[in-house]
Amino acid sequence: MDLREALRSIPATREFTDEPIDELTLRSILDDARFAPSGGNRQGWRVVVLDDAVLRAKVKEIYLEGWYEYLGQVAAGLTPFSPVNDREVENAARRTAGDMAELGRHNPGFAENLDQVPVLLLVLADLSCLAAVDRDLDRYTFAGGGSIYPFVWNILLGARERGLGGVITTMPVLHEDRVLELVDAPKDHCVAALVALGRPSAPVTKLRRSTVDDFAWVDIVSGRPLHSPPAE
Ligand SMILES: Cc1cc2nc3c(=O)[nH]c(=O)nc-3n(C[C@H](O)[C@H](O)[C@H](O)COP(=O)(O)O)c2cc1C
């Protein structure tokens, strides 16, 4: 598939056919994804394929806890879990998770059926491999993930190349200690993502994204947009 076309047409796919994805295919997706860049080429990603039904069900329960808190925040008009949220407002919204769970019971979707997804890849990060250059700044730390998420995105690119689709999820990060224990992760590992993969059950629809003028400028933030026509 043409790379430009792929970049512009990989959605978050959350509905899949029942078709199983064999381990050879999975292996080849990871074999391509491993060429992702990482700080110092430390390649700190680790992948656990969640195969066991009981394990999957447990991870789903952990996912759902975060998911309903997320929905409570959306309902309150927040950007869920933004590092700059007012925590009191956010915590009030998170307390509505029980109501959201009730809605989910009546109208199950991707999250409620997570354990049935054809492939679930738990992507861990080995913290000892991360060049987290912002780790001591007096703000939310951000740079370390840049050594893991290009790999995660490569998984979705590789899936697309094979006619598959999926979605990156981070909801299990909220209660990662429980997830890490389930998969017997070594010390100094954290959860980067849970990636769902499978054969999409619906065709790709057009992606909604901001334009370049909404996020890129020359020299200063909110300055001149790239290639803007000269003033008359
Ligand atoms: C870092 C990251 C975390 C995400 N976490 C979740 C998640 O926990 N659950 C989920 O359903 N989707 C998750 N998504 C998927 C986003 O919701 C999706 O990429 C976005 O809405 C754009 O969707 P689209 O490509 O279909 O337009 C995540 C995406 C990224 C990149």
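Student: Glad to look at this one with you. Which strands does helix 2 (residues 23-33) lie across, and at about what angle does helix 2 run to strand 2?

Tutor: Happy to help, and do keep in mind that this is a predicted model. Helix 2 lies across strand 1, strand 2 and strand 4. Its angle to strand 2 is about 35 degrees.

Student: What about helix 6 (residues 149-161): which strands does helix 6 lie across, and at about what angle does helix 6 run to strand 4?

Tutor: Helix 6 lies across strand 1, strand 2, strand 3 and strand 4. Relative to strand 4, helix 6 runs at about 10 degrees.

Student: At roughly what angle do the axes of helix 2 and helix 6 cross, and is helix 2 parallel, perpendicular or oblique to helix 6?

Tutor: The two axes come within 8 Å and cross at roughly 130 degrees. That angle makes helix 2 oblique to helix 6. The contact involves Ile29, Leu30, Asp32 and Ala33 of helix 2, together with Phe151, Asn154, Ile155, Gly158 and Ala159 of helix 6. So, to put the values together: roughly 130 degrees, and oblique.

Student: Now the sheet. In what order do the four strands come, and which strands stand at the edges?

Tutor: The sheet is open, its pairing is antiparallel, and the order is 1-2-4-3. An edge strand has a single partner strand, so one side of it is left without a neighbour in the sheet. The edge strands are strand 1 (45-49) and strand 3 (165-169).

Student: What does the twist average from one strand to the next?

Tutor: The strands belong to one open sheet with antiparallel pairing. From one strand to the next, the twist averages 25 degrees.

Student: Over how many bridges do strand 2 and strand 4 pair, and which residue stands opposite leucine 122?

Tutor: Strand 2 (residues 119-126) and strand 4 (189-198) pair in the antiparallel sense over eight bridges. Opposite leucine 122, in strand 4, stands leucine 194.

Student: And at the other two pairings, which residues are the bridge partners of valine 47 and valine 167?

Tutor: Strand 1 and strand 2 pair over five bridges, and strand 3 and strand 4 pair over five bridges. For valine 47, the bridge partner in strand 2 is valine 123. For valine 167, the bridge partner in strand 4 is alanine 196.

Student: Why is strand 4 described as largely enclosed by the rest of the structure?

Tutor: Buried here means under 20% relative accessible area. Strand 4 is largely enclosed because the buried residues number ten of the ten.

Student: Which element gives the most to the largest nonpolar core?

Tutor: This core has 26 residues, and Leu50, Tyr63, Phe110, Leu120, Leu122, Leu194 and Ala196 touch the most other members. Two or more residues come from each of helix 3 (53-75), helix 5 (97-106), strand 2, helix 7 (176-182) and strand 4. With six residues, the element that gives the most is helix 3.

Student: How many residues make up the other core, which lies apart from it?

Tutor: Among its members are Trp45, Ile155, Leu164 and Leu197. The size of this other core is 25 residues.

Student: One last thing: which residues in the segment after strand 4 have a positive phi although not a glycine, and are they buried or exposed?

Tutor: In that segment, aspartate 219 has a phi of about 75 degrees, and serine 222 has a phi of about 65 degrees. Exposed means over 50% relative accessible area. Aspartate 219, at 78%, is exposed, and serine 222, at 57%, is exposed.

Methods. Residues are numbered from 1 along each chain as its sequence is written. This is a predicted model: local features need pLDDT of at least 70, side-chain atom pairs count only at pLDDT 80 or more; totals for chains, interfaces and linings use all residues. Side-chain values use heavy atoms; hydrogens and water are left out. Buried means under 20% relative accessible area, exposed over 50%, partly exposed in between (1.4 Å probe, protein chains only). Two strands pair if DSSP finds at least two bridges between them. Axes are lines fitted to C-alpha atoms, for helices over the stretch in contact, and angles run from 0 to 180 degrees between N-to-C directions. Contact means heavy atoms within 4.5 Å. A nonpolar core is a set of buried Ala, Val, Leu, Ile, Met, Phe, Trp, Tyr and Cys residues joined through side-chain atoms within 4.5 Å. Angles under 35 degrees count as roughly parallel, over 145 as roughly antiparallel, 65 to 115 as roughly perpendicular and the rest as oblique.
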